[in-house]
Amino acid sequence: MGACLLSLIPLAVQAEETSEANVIPAVEVNADAEEGASYITEQQAAKTGKLDVAVEDTPFAISVVNEEFIRDTGAKNIQDALMYSSGVYAGAFGFDTRGDWAKVRGMDPSFYLDGLRSVYGSYNSVRTNVYALEQLEVLKGPSSVLYGQSELGGIINSVSKLPKPEQQGELWAQVGSFDRKQLAADVTGPLSKDGKLLYRLVALKRDSGTQVDYVDDDGFLFAPSITWLATDNTTISLLFNAQENSGGVSAQFLPAEGTIDPGVRGDVPSETFVGEPDWDRYDREKNEVTLFVDHRLNEAWSLAATGRYTSSSSETREHWAAIGAGVAANGDTLRTIYMADNDTEVTNFDIRLEGDVDLGTTRHRLAVGVDRQDALWEQGNYFYGYGQGGTINLYNPVYGTVNYAALNPADRPDNEIK
């Protein structure tokens, strides 16, 4: 009994001392947060909702990723910027130079730019540069009421940078792994003394290698825009976007043997390139012009229109490890060879009438509109040969053996959406 008493007394004293020591003093906040200086965007209206209503008041589930968040997280592309968005699984295929990949509520979303569909087909469009964007918006779930034919998962909408009335600008530089070098500029402000003419210039140049040998990720962006405040009720903006991406495809589709499973001669290095340095490439370019018109008819009603013309092209030459072919005892594996040239031409527009309607004691915001899509993409010089790209050793690759004899390219049928 004595031993028990001796052990209990120190514990009681210790608990009393600990409770006194853990008293947390009150924290007083006496500074107001600067408006807009936050990642919280529920008070912001998202263009993808097509209503001038705060996100928290829309009848849709919408997430907004603003420019501040994109910059602070160091996102290099759209899929990086979406990593923290609820209901979104971004970067499902890891690092990829081909494009941005994401799942919204478990399904593939449609990609839009400034409220207009921007991706038609595959391997035929230029990856939107995140530096040219004001924000990203994710509309989750079906949205046929707003966009007609679209994906069940939702929509990812990119919002371009447009002129601002205050003079401001930045010169931005970045260096990183794999000899990554980027230089960019973003300047905006009034172009006339009366402030009715505004301008903005966004430009970027990138030279970069990647974690895969012989695969570069070079890029160029030139996006000037001008805004005319024609009247107190009318705003007209014109945006020109020229982009080029060049380099190769980072996805080598390395076999399970030597990557996630034991290999015949050990681990296959993740930087292994199974293509041909002098032949493989994935080069894309795009020229695009977008017109924005906003006009307030009266205190209750306004009209908004967006129209865009896009011309883009791509050239693909690629090898990858033939999926399912296996690896020989000496480390050799078969390669698939692929080539294609793509040309895409898109004209689309969206016109909306928006206003307030009072019904008895209730008030409603109504939007009525129409959009038009006219897209044509052509694919020529096409060839796909499973296992016809010759063999390569995963542990000691030797290049310069393109199997030109296997190539028998042909034009494929055109694809068109109206």
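Okay, let's start with contacts: in this protein, of those with a separation of 6 or more, 67% are between residues 24 or more positions apart. Bear in mind throughout that this is a predicted model.

On to the secondary structure. We've got four helices and 18 strands. And how does the overall spread look? The radius of gyration is 27 Å, while the globule rule gives 22 Å for 418 residues, so the protein is more spread out than a compact globule. If you draw a box around the C-alpha atoms along the principal axes, you get roughly 90 × 75 × 45 Å.

Now the surface. About 22500 Å² is exposed, and carbon and sulfur atoms supply 55% of that. On the inside, buried residues make up 41% of the 418. As for charge, count 33 positive side chains and 62 negative ones, with the centres of the two sets 5 Å apart.

Let me zoom in on one strand, strand 6, which covers residues 133-140. Seven of its eight residues are buried, so the rest of the structure largely encloses this strand.

Who are its neighbours? Strand 1, residues 61-66, runs antiparallel to strand 6, and six bridges join the two. One pair to click on there: Asn66 has Gln135 of strand 6 as its bridge partner. Then there's strand 7, residues 154-160, again antiparallel to strand 6, with seven bridges joining them. For that pairing, look at Val138, which stands opposite Ile156 in strand 7.

While you have it on screen, remember that side chains in a regular strand alternate between the two faces of the sheet.

That's the tour, thanks.

Key
Residues numbered from 1 in each chain as written. Predicted model: local features only at pLDDT ≥ 70, side-chain atom pairs only at ≥ 80, totals over all residues. Heavy atoms only, no water. Rg over C-alpha atoms; globule rule 2.2 N^0.38 Å. Buried < 20%, exposed > 50% of the residue type's maximum accessible area, 1.4 Å probe, protein only. Contact = heavy atoms within 4.5 Å. Areas by Shrake-Rupley, 256 points an atom, 1.4 Å probe, with all protein chains shown as cover. Lys, Arg positive; Asp, Glu negative; His and termini not counted. Charge placed at Lys NZ, Arg CZ, Asp CG, Glu CD. Pairing = 2+ DSSP bridges.
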